Amino acid sequence: MTDVPMTGGVDTGAFSVHSDHPSQVSGHVISETEFSCHCCYDILVNPTTLNCGHSFCRHCLALWWESSRKHECPECREKWEGFPKVNIVLRGAVEKLFPDVVLKRREEIQVNPSVSHALLAFQRYGDEQAARGVAMSGSQPQGGGFFSGVLTALTCVAVVLLVYHWRSREEEHDLLVHKPVTKWAAEEVLFWLEQLGPWASLYQEGFVKEQVNGRLLIMLGDEEISKPPYNIENHTHRKAVLAELDRVKALGVKPPQNLWEYKAVNVGKSLFLLYALKSSPRLTMLYLYLFDYTETFLPFMHTCCPGGKENTEGDDILTKPLLGDPGWKQWTEFVVKYSVLPYQLIVGFAWDWLSVHYWTSRFVIVNAMLLSVLEAFALWRLWSRAELRTLPQKMWSHFWKVSTQGFVVAIFWPMIPQFVCNCLFYWALYFSPIINIDLVVQHVLHRET
């Protein structure tokens, strides 16, 4: 038996293939062509009827689905719903009318490896659809279920968090990342000093005594802060203060030192990184390496793949100096994780910021772990279905999709209201783990079934 030609949409009145093996029912002669498949033009074997009413051999439908990956009728292109099943009544009628022909065709189909592979893949797809339906119905009984309730509760919590963050940020300290240093009041200078680290509280008294504002702050140097009333005699502490002061002078404002301040300064960039690292970490890191090496890639690289240099006293998470180009050991560690476990790099980065963003870092870590599990499931599906040969095509399709989406967002970004951006940011930050937990549960239930 040759490979079955997929020629859906052919006018059934225009062909005359096969010699007919007529059967007689109540005086009416029924020919084999009346029960022919519109794909292979042969007698129907395990006829499968779609929503549109057209019937095909099951293996023909499987070959069509495997080659096109479309959920539509090969004849009229109408989409089917659910998973097509064998028409038992039609199958019984065909087998009674033409038992010899059906038996011969079954034997030919069984020895064709391409047909067997297509039928197996098609049935696996049907099992996945059924398992997904069971998981959804089992996890959402009578009113949404557990995950629906969690999402509803978290929506309320997210609204409260949004209101709290917006009000607190507008009222006070976030303004320093936009406010010129020359206009800082004495209280704002103290806040800037506090953020350098717990050790900075030892030297607040001198700044309070002198009522140092922004104009006086930028005039301070190594000699001034080492003498009374500041008395910063510790060399490491003095070096940290001067390094941060140099950054303030260079930028003219307070440099962002945590997630919320970074978001206030780089609204679009923070939203882009959040979604891009979640959906396509490898492409995003490559983009940062090529186009944002110094400002974003280097700090990320040194944080998730440290070079082994021990921190000296006073070098905490807020005052770490930006190092130079990574060493070969750092590059080796980075490339291995980048290739195999890209989300592990995000886990390392979030873990380093745990003392600053306690709960937010935990949300990021959990989400990255869940995304790693989902990626492993996706690779396993490709391996189990012997579809690894399609991996390059899928990678190119993913690259094209991400690039197109990024281009569209870049064009329409100025038109998106700030409120919408904030909602998208917090949704991706805090809600993604809940959604991904649901996806992992569905995959686990499917494997168990």
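Contact means heavy atoms within 4.5 Å. The exercises below use this cut-off on a predicted model.

**Exercise 1. Overall make-up**

Find how many helices and strands the protein has, and what share of its contacts with a separation of 6 or more is long in sequence.

Solution. Step one: the protein has 19 helices and 4 strands. Step two: of the contacts with a separation of 6 or more, 67% join residues 24 or more positions apart. Step three: the chain has 449 residues, and 38% of them are buried. Step four: about 25,800 Å² is exposed, with 62% of that area supplied by carbon and sulfur atoms.

**Exercise 2. Confidence**

State the mean pLDDT of the protein, then identify stretches where the value is below 50.

Solution. Step one: the mean pLDDT is 78, and 78% of the residues reach 70 or more. Step two: residues 134-145 have pLDDT below 50, and this stretch has 7 contacts in the model beyond near neighbours in sequence. Step three: pLDDT also stays under 50 over residues 310-322, where the model has 26 contacts beyond four places in sequence.

**Exercise 3. Two nonpolar cores**

Determine which residues touch the most other members of the largest nonpolar core, and which element gives the most to this core.

Solution. Step one: the largest nonpolar core has 31 residues, and F35, C37, I43, C57 and F122 touch the most other members. Step two: at least two residues each come from β4 (55-57), α1 (58-68), α2 (88-97), α3 (99-110) and α4 (113-139). Step three: α1 gives the most, with 6 residues. Step four: a second, separate core holds 24 residues, including L176, L193, L220 and I232. Step five, back to C57: outside four places in sequence, C57 is in contact with C37, C40, I43, L44, V45, N46 and R105.

**Exercise 4. Helix α6 and its cover**

List the buried residues of α6 and name elements that cover them.

Solution. Step one: α6 spans residues 186-194, and A186, V189, L190, F191, W192 and L193 are buried there. Step two: the cover over these residues includes α7 (204-210), α8 (214-217), α10 and α11.

**Exercise 5. Two buried polar residues**

Work out why Q257 and S270 count as buried, and find what their side chains reach.

Solution. Step one: Q257 sits in the loop between α10 (235-251) and α11 (259-265). Its relative accessible area is 4%, so Q257 is buried, the cut-off being under 20%. Step two: the Q257 side chain makes a polar contact of 2.6 Å with the side chain of E244. Step three: S270 belongs to helix α12 (residues 267-279). Its relative accessibility is 6%, and therefore S270 counts as buried. Step four: the side chain of S270 reaches the backbone oxygen of V267 at 2.9 Å. Step five: beyond four places in sequence, S270 is in contact with Y262, K263 and F425.

**Exercise 6. Backbone exceptions**

Locate the cis peptide bond between P228 and P229, and compare the burial of Y41 and R77.

Solution. Step one: most residues other than glycine have a negative phi, and most peptide bonds are trans. Step two: the bond from P228 to P229 is cis, with omega near 5°; P229 lies in the loop between α9 (222-225) and α10. Step three: Y41 has a positive phi, near 60°, in the loop between β2 (28-30) and β3 (47-49). Step four: phi of R77 is also positive, near 70°, and R77 is in the loop between α1 and α2. Step five: Y41 is buried at 15% relative accessibility, whereas R77 is partly exposed at 42%.

How values were computed. Residues numbered from 1 in each chain as written. Predicted model: local features only at pLDDT ≥ 70, side-chain atom pairs only at ≥ 80, totals over all residues. Heavy atoms only, no water. Buried < 20%, exposed > 50% of the residue type's maximum accessible area, 1.4 Å probe, protein only. Polar contact = N/O pair within 3.5 Å; in protein donor to acceptor, adjacent residues only side chain to side chain. Core = buried A, V, L, I, M, F, W, Y, C linked by side-chain atoms within 4.5 Å. pLDDT = per-residue confidence, 0-100. Areas by Shrake-Rupley, 256 points an atom, 1.4 Å probe, with all protein chains shown as cover.
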